[in-house]
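Me: I would like a close look at a single part of this model. Please take me through that part step by step, in short sentences.

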Amino acid sequence: QVQLVESGGGSVQAGGTLRLSCLVSRSIFSIDAMAWYRQAPGKERELVASVTSSGSINYGDSVKGRFTISRDSAKNTADLQMNNLKSEDTAVYYCKASRLRFGGSYDYWGQGTQVTVSS
């Protein structure tokens with residue numbers, strides 16, 4: 001089992017910054033991919049950013065150039081640095097850890113952290 005605990009959410013004005021952190025309950029070296037998703041009211045959950053154990057990174061189109069995802073093996077965290085925040089970034093942000101085993105993916109989710117951006 002893998003437990004994830006997100007932190008760092010809050011309220012900020014447009015143009016501001018926030019840093020989200022996802023603490024993983026086991027060595028991050030055992031995790032094949034970490035990702036951040038978000039879900040705004042009335043909308044589907046969408047991928048914000050992901051990073052694999054080999055360092056491959058992907059970003060959602062709406063956050064490219066503004067958000068940065070990183071893995072910290074010393075702290076067992078996956079962080080999301082969010083700059084130049086916009087009101088449309090308002091959502092609950094979820095951390096996901098994936099382990100690839102036996103031809104399948106085992107996914108684990110955090111409880112979510114609220115990010116509110118006011119214009």
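In which sense do β3 and β8 pair, and over how many bridges? Please start there and work outwards.

Reply: A word of caution comes before the details: this is a predicted model.

β3 and β8 pair in the antiparallel sense, and they do so over 6 bridges. Strands of a sheet pair through backbone hydrogen bonds, either parallel or antiparallel.

Now place β3 in its sheet. The sheet is open and has 4 strands, in the order β1-β3-β8-β7. Its pairing is antiparallel. The edges are β1, residues 4-7, and β7, residues 67-72. Each edge strand pairs on one side only. On average, neighbouring strands in this sheet are turned by 15° against each other, direction ignored.

Look next at the other side of β3. This strand covers residues 18-24, and it pairs with β1 over 4 bridges, again in the antiparallel sense. Two of the partners can be named. Leu 4 has Val 24 as its bridge partner in β3. Glu 6 has Cys 22.

Cys 22 deserves a pause. It is the bridge partner of Glu 6, and it also stands opposite Ala 78 in β8. In a regular strand the side chains alternate between the two faces of the sheet.

How covered is the strand? β3 is mostly covered, with 5 of its 7 residues buried.

Follow the side chain of Cys 22 next. A search of the whole structure finds 1 disulfide. Its two members are Cys 22 and Cys 95, with sulfur atoms 2.0 Å apart. The link joins distant parts of the chain: Cys 22 belongs to β3 and Cys 95 to β9, 73 residues apart. A disulfide is a covalent bond between the sulfur atoms of two cysteines. Why is this one called left-handed? The torsion about the S-S bond of Cys 22 and Cys 95 is about -85°, so the disulfide is left-handed. Both cysteines are buried.

β3 has a second link to follow, this time a salt bridge. Arg 19 and Asp 79 meet through their side chains, at 3.3 Å from N to O. Arg 19 sits in β3 and Asp 79 in β8, 60 residues apart. Are the two partners buried or exposed? Asp 79 is buried because its relative accessible area is 9%, under the 20% cut-off. Arg 19 is partly exposed, at 44%.

Beside Asp 79 in the sequence comes Leu 80. Setting aside neighbours within four places in sequence, Leu 80 is in contact with several residues, including Leu 18, Arg 19 and Leu 20. Its contacts also include Trp 36, Val 48, Phe 67, Ile 69 and Tyr 93.

That leads to the nonpolar core. The largest one has 29 residues. Leu 80 is among those with the most contacts inside it, along with Met 34, Trp 36, Met 82 and Tyr 93. β3 is one of the strands that supply at least two residues each. The others are β4 (33-39), β5 (46-52), β7, β8 (77-82), β9 (91-101) and β11 (113-118).

Now step outwards to the other salt bridges. The count for the model comes to 6. One of them joins the side chains of Asp 32 and Arg 101, at 3.1 Å from N to O. Asp 32 lies in the loop between β3 and β4 and Arg 101 in β9, so this pair ties together parts that are 69 residues apart in sequence. Asp 32 counts as partly exposed, at 22% relative accessibility. Arg 101 is also partly exposed, at 29%.

Another salt bridge joins Asp 89 and Arg 38, whose closest N and O atoms are 2.9 Å apart. Asp 89 lies in the loop between β8 and β9 and Arg 38 in β4, so the pair ties together parts 51 residues apart in sequence. Both residues are buried. Shared partners join Arg 38, Glu 46, Arg 66 and Asp 89 into one network of salt bridges.

One last stop is Thr 116, in β11. Thr 116 and Asp 89 are 27 residues apart in sequence, with their C-alpha atoms 7.5 Å apart in space. Thr 116 is partly exposed, with a relative accessible area of 30%. Not counting residues up to four places away in sequence, Thr 116 touches Gly 10, Ser 11, Val 12 and Thr 90.

To return to the start: β3 pairs with β1 over 4 bridges and with β8 over 6. Its Cys 22 forms the disulfide with Cys 95, and its Arg 19 forms the salt bridge with Asp 79.

Key:
Residues are numbered from 1 along each chain as its sequence is written. This is a predicted model: local features need pLDDT of at least 70, side-chain atom pairs count only at pLDDT 80 or more; totals for chains, interfaces and linings use all residues. Side-chain values use heavy atoms; hydrogens and water are left out. Two strands pair if DSSP finds at least two bridges between them. Axes are lines fitted to C-alpha atoms, for helices over the stretch in contact, and angles run from 0 to 180 degrees between N-to-C directions. A nonpolar core is a set of buried Ala, Val, Leu, Ile, Met, Phe, Trp, Tyr and Cys residues joined through side-chain atoms within 4.5 Å. Buried means under 20% relative accessible area, exposed over 50%, partly exposed in between (1.4 Å probe, protein chains only). Contact means heavy atoms within 4.5 Å. A disulfide is a pair of cysteine sulfur atoms within 2.5 Å. A salt bridge is a side-chain nitrogen of Lys or Arg within 4 Å of a carboxyl oxygen of Asp or Glu.
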